[in-house]
Amino acid sequence: MTKLANEKNALNLSQGFPDFDISPELIELVNHFMKAGKNQYAPMPGVPELRKMISDKIKKLYHSKYDYENEITVTAGATQALYTAISILINQGDEAIIFEPAYDSYAPAVIANGGKPVFISLQPPDFSIPWNKVNSAVTEKTKIIIINSPHNPTGSIISKNDIKELEKIIRNKNIFIISDEVYEHIVFDGEKHISICESEVLRDKSFIISSFGKTFHTTGWKVGYCAAPKFLTDEFRKLHQFIVFAVNTPVQYAYAEYLKDEKNFLDVQIFYQKKRDYFLELIRDSKFKPLNSKGTYFQLLDYSEVSDKDDFNFSLELIDRTGVAVIPLSPFYSQQNLNKLIRICFAKKDEVLSEAARRFNKL
């Protein structure tokens, strides 16, 4: 859709990246550390200063302690961390439970390692986890359950009850959790992000994966991290060493310094809630019906009053009729999806959101 948006000179609300500038302070910090000579290989697990700041952040926000030396690894974005963690756990014939609609890197990583994805559909309209189906899907071959909260593409978040259900499932079983928490700082309406590491039962069998790209509007820098108990981190680093070895050095130092001011990550949710609310107010009188987005910078829209077409063909039609590119929901499913839903990204300049809303309102 981004390719089509570029070809047709359309407004791009499809791919999930911001179209606005990042903090000048953060750019200056990268420049500073480049000039200071921090341009050679970083230590394989990441620069100690950044790993320590990550450890401190997790402890303060989620009351869970990770040793920065042995339990935190800086990665080349969250996708690399996800692939590495999946590769450690999945062997030939192992099964991975994946909730769909799902981020598109999970299943290919499982398949590439000889595993079998077991898909379970989240329940609309709130896209909650159907735990009865999860329990039925667990077998002796189940090796991992992949959790994504805040959830891309639906904007749903897990609850304390979800944590309890997950604890019941993995207790006394050889099942591990991979928790994709890249949107951890983008949660709305007074809700709180619940990290898997807040549960002692889950923490000891989980990879917690996050990213600075979503938090600091720097998706192109591709720096993320993985927090896990030492026995899992030891295995993670054995692969990490030969996949990327080390991650961008001056950017790591810059992030470490930038994290010292907590407002830089704590205020992100305020920033994005204003974006979400601004766009929703603009399309309030349109035929599009927004679903509740509790987090991420994505918003699902029900277009059933606009068109009878499936979401893929409607998205193609929409870019021609309005010059606005969106994402259909069906590619996030393993099988045909009949929901008339599209995803828009509201991490865009206000003038882009305003013009997109104006065009939507004409339909």
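Buried means under 20% relative accessible area, exposed means over 50%, and partly exposed lies in between, with a 1.4 Å probe and protein chains only. The exercises below use these classes.

This is a predicted model, in which local features need pLDDT of at least 70 and side-chain atom pairs count only at pLDDT 80 or more, while totals for chains, interfaces and linings use all residues. Residues are numbered from 1 along each chain as its sequence is written, and side-chain values use heavy atoms, with hydrogens and water left out.

**Exercise 1. Place I243 in its helix, classify its accessibility, and find its surface partners.**

Step 1: Start with the fold. I243 belongs to helix α10, residues 230–243; helices are DSSP runs of H or I with at least four residues, strands are runs of E with at least two, and both are numbered from the N terminus.

Step 2: Now apply the classes. I243 counts as partly exposed because its relative accessibility is 40%.

Step 3: Look for nonpolar company. Y83, L239 and I243 make up a nonpolar surface patch with about 240 Å² of accessible area together. Patch members have over 30% relative accessible area and no salt bridge; nonpolar side chains (Val, Leu, Ile, Met, Phe, Trp, Tyr) are joined within 5 Å, and like charges within 9 Å. The areas come from the Shrake-Rupley method with a 1.4 Å probe, and for residues only the protein chains shown count as cover.

**Exercise 2. Describe the setting of Q80 and its link to H240.**

Step 1: Q80 sits in helix α4, residues 77–89. With 10% relative accessibility, Q80 is classed as buried.

Step 2: The side chains of Q80 and H240 share a polar contact of 3.2 Å. Such a contact is a pair of N or O atoms within 3.5 Å; within protein, one must be able to donate a hydrogen and the other to accept it, and residues adjacent in sequence count only if both atoms are side-chain atoms.

Step 3: Beyond its neighbours within four places in sequence, Q80 is in contact with T75, H240, I243 and V244, where contact means heavy atoms within 4.5 Å. Here I243 from the previous exercise turns up again.

**Exercise 3. Which residue forms a salt bridge with K275, and which helices do the two residues lie in?**

Step 1: The partner is D350, with the closest N and O atoms 3.0 Å apart. A salt bridge is a side-chain nitrogen of Lys or Arg within 4 Å of a carboxyl oxygen of Asp or Glu.

Step 2: K275 lies in α13 (residues 268–282) and D350 in α15 (residues 350–361), so the pair ties together parts that are 75 residues apart in sequence.

Step 3: Check both ends. K275 is buried at 9% relative accessibility, whereas D350 is partly exposed at 35%.

Step 4: Set a pair within one helix beside this. E355 and R359 form a salt bridge at 2.9 Å between the closest N and O atoms, and both lie in α15, four residues apart, about one turn of the helix. The structure holds 22 salt bridges.

**Exercise 4. Work out what surrounds K205, a buried lysine without a salt bridge.**

Step 1: K205 is in the loop between α8 (200–203) and β7 (206–211).

Step 2: Look for opposite charge, counting Lys and Arg as positive, Asp and Glu as negative, and leaving out His and the chain ends. The nearest such side chain is D204, 9.8 Å away. D204 itself is linked with E71 and R203 in a network of salt bridges.

Step 3: Turn to the backbone. A polar atom of the K205 side chain lies 3.1 Å from the backbone oxygen of I175.

Step 4: Leaving aside neighbours within four places in sequence, the contacts of K205 include I170, K173, N174, I175 and L232.

**Exercise 5. Is helix α11 enclosed or open, and what does it pack against?**

Step 1: Nine of the ten residues of α11 (residues 249–258) are buried, so this helix is largely enclosed by the rest of the structure. Among the buried residues are P250, Y253, Y255 and Y258.

Step 2: The buried residues of α11 pack against α2 (24–35), α3 (48–62), β2 (72–75), α9 (212–215) and α12 (263–266).

Step 3: Finish at the N-terminal end, which N248 caps: one of its side-chain oxygens lies 3.1 Å from the backbone nitrogen of V251.
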